[in-house]
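Here are a few exercises to work through with the model open beside you. Try each task first, then compare your steps with the solution.

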Amino acid sequence: MKASLIATLLLATFALPAHALTILTEDWPPVSFANDKGQPDGMAVAVVRLLQDRLKDNSAIQVQPWARAYNSLINDKDVMLFTVGRSAERERLMTLLGPILISSTDVFALKQYAESIRKLPPGAMQQLQTAAYRGSIFESTAKARGFQVFPTTDPAHSARMLVAGRVKLWAEGNVVVGNVLREQGLPPATVERVATLDKLSLYLAFSPNVPRDTILRWEKALSDIKQDGSFAAIHQHWFPLDPVPLTVERLGIQK
C-alpha cells in the first residue's frame, strides 16, 4: 500500500505543469532558427516542443541573438536556453540536460587551399586568421587551441568572410556548415574540413536559480521521449546520417 501511494504521488508530481520558464534559442539552422513565417523551427525546437507537450508547458520559444540569449541565461531568473555546448566553465554556471545533439568543432578552409593548409608544419595553421561566431563554444575552443580568431556576428558572416578571402579558416559546428553554405547560395563542396578540434555535446541549459524539481521534470520527459522512439524520429528527420544520442545526463549546478 505504501509503495503504491508513493508511486501515485510521483506520477501526480510529474503530471503537474512545469515551473514557468523563459525559453530561448538562437538562429543556428538547421538546429534552431526562425522560419519564413517568423516561427521557431529546427531539430532542437521540435524536441523542446515535444518536451513542453509532455510537461503541459505552453511557454513561447523565443529566437534571439546568441550573445543576448546567453547573457539572459547567466543573469536572469528562470531561463532555459538551447542548444548549449558543454564546457567546464559552463558546468559551473548552469545546469545542462541532454545531450540533444552531438556535433564537433571543426576548422574549414576553401576547398582549393585545404590540402596545402593540412600540410603546414605544426602550429602554422593556428597563425592563420580564423572566423568564428562571437560568444560561441566554437570561438572559445579555437582560441583555446591557439587559433587567431576573428569574431563574427553569426555563422553566415563567418562563411562570407572565408569565401571573400578575408580569413583563411572558419571554426564552426559541423552540423550546420552545409546549411549555412546553401543559404549563401554555395555548394557544400565550397569548403573542406582541415581539422577537428573536439567533439561537442549540445544540451538544454537552465539558469542557476531554476528549481531542482523543475529540472527533474524536464529530465524525466527527455528520458521518456528517448525511450519511446519519438526523440529518435525527430533526430533522424533532420540528421538522417548521424547517430542518435539516447543517453540522458544532468550536469552542472543541479547535478
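**Exercise 1.** Is E249 buried, partly exposed or exposed? Find its salt-bridge partner as well.

*Solution.* Start with the ground rules: this is a predicted model, in which local features need pLDDT of at least 70 and side-chain atom pairs count only at pLDDT 80 or more, while totals for chains, interfaces and linings use all residues. Residues are numbered from 1 along each chain as its sequence is written, and side-chain values use heavy atoms, with hydrogens and water left out.

Step 1: take the classes, where buried means under 20% relative accessible area, exposed over 50%, and partly exposed in between (1.4 Å probe, protein chains only). E249 has 27% relative accessibility, so it counts as partly exposed.

Step 2: look for a salt bridge, that is, a side-chain nitrogen of Lys or Arg within 4 Å of a carboxyl oxygen of Asp or Glu. The partner of E249 is R86, at 4.0 Å from N to O. This pair links distant parts of the chain, 163 residues apart: R86 sits in the loop between β5 and α4 (88–91), and E249 in strand β11 (residues 249–252). Helices (H or I, at least four residues) and strands (E, at least two) are DSSP runs, numbered from the N terminus.

Step 3: check R86, which is also partly exposed because its relative accessibility is 37%.

**Exercise 2.** Compare the salt bridges E139–K143 and R217–D213.

*Solution.* Step 1: read the N to O distances, 3.3 Å for E139 and K143 and 3.7 Å for R217 and D213.

Step 2: place the residues. E139 and K143 lie four residues apart in helix α6, about one turn. R217 and D213 are four residues apart in helix α9 (residues 212–227), so about one helical turn separates them.

Step 3: assign exposure. E139 is buried at 9%, whereas K143 is partly exposed at 47%. R217 is buried at 8%, and D213 is partly exposed at 40%.

**Exercise 3.** Which residues line the largest cavity?

*Solution.* Step 1: on a 1 Å grid over the protein atoms alone, a cavity is a set of points where a 1.4 Å probe fits but cannot get out; lining residues have an atom within 4 Å of a point.

Step 2: list the lining, namely E26, W28, W66, T83, G85, R90, Y133, S136, I137, F138, L200 and L202.

Step 3: find the contributing elements. β5 (79–85), α6 (137–144) and β10 (191–206) each supply at least two lining residues.

How values were computed: On a 1 Å grid over the protein atoms alone, a cavity is a set of points where a 1.4 Å probe fits but cannot get out, and a pocket is an open set with protein on both sides within 12 Å along at least five of seven lines; lining residues have an atom within 4 Å of a point.
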